[in-house]
Amino acid sequence: MTEKIKSYNGCTTVMFTASHNGNFKNKCSDNKKHNHKWKVVVFIESDKLNKEFVVKDFNEIENLKTIFHKKYLNELKVFKDKIPTTEVIGDWFVDNINECYQVIVYEGKSMFWKFWDKRNRYVICYGKNKRNKYE
Ligand SMILES: [Zn+2]
């Protein structure tokens, strides 16, 4: 019997509201602190299951929102020496979740979830070299 190479994939979403200052004109609000809601869709992959026989405890990922929720992102240590743009937020998730190989980060204009704005802006960050394969 041939041995198959397995891959387990999962996806969950982290949502938080926070403020930031993009420190540049046009994209956000012309160098002023302002609010957004962010929705980070986190894609994970592993070639093995953990000791609980799942690819990852999704609660562990979803709880990461407490780092960002209702915070002023420019003041967070995790973004030291960086401007917390949507791209930088995406990078943080790719870098800090071992099994994560991709995130889609949606940036919403309003703080209210029921009013998701029609611009539907998002960035996709990949971290292919960080994949948890064949460890
Ligand atoms: Zn902004």
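This note goes through the fold, the sheet, the helix packed on it and a few individual residues of the structure above.

1. Confidence. The model is a predicted one, and the protein averages a pLDDT of 86, with 81% of the residues scoring at least 70. Among the elements, helix α2 (residues 65–68) has the highest mean pLDDT, at 98, whereas strand β4 (residues 121–126) has the lowest, at 84. Residues 130–135 call for separate mention, since pLDDT stays under 50 over this stretch, for which the model has ten contacts beyond four places in sequence.

2. Overall layout. The protein has three helices and four strands, and read along the sequence these follow the pattern β-β-α-α-α-β-β. Of the contacts with a separation of 6 or more, 67% are accounted for by residues 24 or more positions apart. Of the 135 residues of the protein, 24% count as buried.

3. The sheet. The four strands form an open sheet in the order β1-β2-β3-β4, and the pairing is antiparallel. Because β1 and β4 stand at the edges and each has a single partner strand, one side of each is left without a neighbour in the sheet. Neighbouring strands of this sheet are turned by 15° against each other on average, if direction is ignored.

4. Pairing around β3. Strand β3 (100–108) pairs with β2 in the antiparallel sense over eight bridges, and with β4, also in the antiparallel sense, over six bridges. For anyone checking the register by eye, lysine 37 has glycine 108 in β3 as its bridge partner, while isoleucine 104 stands opposite isoleucine 124 in β4. Seven of the nine residues of β3 are buried, so this strand is largely enclosed by the rest of the structure.

5. Helix α3 on the sheet. Helix α3 lies across β2, β3 and β4, running at about 150° to β3. Which residues of α3 are buried? Along the helix, which spans residues 86–96, they are Thr86, Ile89, Gly90, Trp92 and Phe93. These residues are on the same side of α3 because they cover an arc of only 155° around the axis. What covers the buried residues of α3 includes the strands β2 (34–46), β3 and β4.

6. The nonpolar core. The largest nonpolar core has 20 residues, and those with the most contacts inside it are Val40, Val42, Phe93, Cys100 and Val103. The elements that give two or more residues to this core are β1 (8–20), β2, α3 and β3. Valine 40 can be followed in more detail: not counting residues up to four places away in sequence, valine 40 touches Thr13, Val14, Ile89, Phe93, Val103 and Val105.

7. Isoleucine 97. This residue is found in the loop between α3 and β3. Is isoleucine 97 buried or exposed? Isoleucine 97 is buried, because 21 other C-beta atoms lie within 10 Å, and 20 or more is the cut-off for that class. Leaving aside its neighbours within four places in sequence, isoleucine 97 is in contact with Val42, Ile44 and Ile61. Isoleucine 97 and valine 42 are 55 residues apart in sequence, but their C-alpha atoms are 9.1 Å apart in space.

8. Glycine 22. A second loop residue to look at is glycine 22, which is found between β1 and β2. Glycine 22 counts as buried because it has 21 C-beta neighbours inside 10 Å. The C-alpha atoms of glycine 22 and lysine 32, which are ten residues apart along the chain, are separated by 7.6 Å.

9. Phenylalanine 79. The loop between α2 and α3 holds phenylalanine 79, which has 18 C-beta neighbours inside 10 Å and therefore counts as partly exposed. Leaving aside its neighbours within four places in sequence, phenylalanine 79 is in contact with Leu73, Asn74, Pro84 and Val88. Phenylalanine 79 and tryptophan 92 are 13 residues apart in sequence and 8.5 Å apart in space, taken from C-alpha to C-alpha; tryptophan 92 is itself one of the buried residues of α3.

Notes: Residues numbered from 1 in each chain as written. Predicted model: local features only at pLDDT ≥ 70, side-chain atom pairs only at ≥ 80, totals over all residues. pLDDT = per-residue confidence, 0-100. Contact = placed C-beta atoms within 7 Å. Buried ≥ 20, exposed ≤ 12 C-beta atoms within 10 Å, placed from the backbone. Arc of directions from axis to C-beta. Core = buried A, V, L, I, M, F, W, Y, C linked by C-beta atoms within 7 Å. Pairing = 2+ DSSP bridges. Axes fitted to C-alpha atoms, helices over the stretch in contact; angles between N-to-C directions.
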